[in-house]
Amino acid sequence: MRREPDKKEKRDIRTLARFVALYCGQHHAGRTPFTFPASGLDSLFKSVELCPECTRLLKYGLSMRLRCPLDPKPLCKKCPNPCYRPEYRDKIREVMRFSGMQMIKRGRIDLLYHYFF
Ligand code: SF4
Ligand SMILES: [Zn+2]
């Protein structure tokens, strides 16, 4: 069993979920509450609803974040040895770009400090 995620991991996970949920809410229908029991972190996803495609993307991103071997972890976009499969990397970049712009429009600049893609 893996150790309990630390504060930084939880913060990244919350941010990732928030960015994917914002993107999904404006692009896709058929959303249902997101759960990922295997992560043991469902309490962080209380208001997150996603379509099946974004559910897969977020689960993948969470798994990669929780398995990241680098400490301190760089921003993924500056990673010397990126772990994401190319199709997920392109998708998560698109999501982060879109939701990053939305966050700026909403004045949530604080969240962008944790913008790790
Ligand atoms: S891309 Fe690099 S920094 Fe990001 S999770 Fe993977 S190994 Fe860690
Ligand atoms: Zn979606």
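Biologist: Which residues of helix 2 are buried?
Modeller: In this predicted model, buried means under 20% relative accessible area. Among the residues of helix 2 that are buried are Cys54, Thr55, Leu57, Leu58 and Tyr60. The list continues with Gly61, Leu62, Ser63, Met64, Arg65 and Leu66.

Biologist: Against which elements do the buried residues of helix 2 pack?
Modeller: Contact is taken here as heavy atoms within 4.5 Å. The buried residues of helix 2 pack against strand 2 (49–50) as well as two helices, namely helix 1 and helix 3.

Biologist: What span should the 16 residues of helix 2 have?
Modeller: Helix 2 covers residues 52–67, and its end C-alpha atoms are 23 Å apart. That distance agrees with the expectation at 1.5 Å a residue, which is a span of 22 Å.

Biologist: Which residue caps the N-terminal end of helix 1?
Modeller: Helix 1 runs over residues 7–27, and the backbone nitrogen of Lys8 has a side-chain oxygen lying 3.1 Å from it. The residue that supplies this oxygen, and so caps the helix within the 3.5 Å limit for a polar contact, is Asp6.

Biologist: Are helix 1 and helix 3 roughly parallel or roughly perpendicular to each other?
Modeller: The two helices pack with their axes 9 Å apart, at an angle of about 85°. Angles of 65 to 115 degrees fall in one class, and therefore helix 1 and helix 3 are roughly perpendicular.

Biologist: How do the residues of the contact of helix 1 with helix 3 divide?
Modeller: Helix 1 contributes residues including Leu16, Phe19 and Tyr23, while helix 3 contributes, among them, Ile92, Val95 and Phe98. The residues of this contact divide into three charged, five polar and ten nonpolar.

Key:
Residues are numbered from 1 along each chain as its sequence is written. Chains are lettered from A and ligands numbered from 1 in the order in which they are written. This is a predicted model: local features need pLDDT of at least 70, side-chain atom pairs count only at pLDDT 80 or more; totals for chains, interfaces and linings use all residues. Side-chain values use heavy atoms; hydrogens and water are left out. Helices (H or I, at least four residues) and strands (E, at least two) are DSSP runs, numbered from the N terminus. The expected span of a helix is 1.5 Å times one less than its number of residues. A polar contact is a pair of N or O atoms within 3.5 Å; within protein, one must be able to donate a hydrogen and the other to accept it, and residues adjacent in sequence count only if both atoms are side-chain atoms. Axes are lines fitted to C-alpha atoms, for helices over the stretch in contact, and angles run from 0 to 180 degrees between N-to-C directions. Angles under 35 degrees count as roughly parallel, over 145 as roughly antiparallel, 65 to 115 as roughly perpendicular and the rest as oblique. Ala, Val, Leu, Ile, Met, Phe, Trp, Tyr, Cys and Pro count as nonpolar, Asp, Glu, Lys and Arg as charged, and the others, Gly among them, as polar. Buried means under 20% relative accessible area, exposed over 50%, partly exposed in between (1.4 Å probe, protein chains only).
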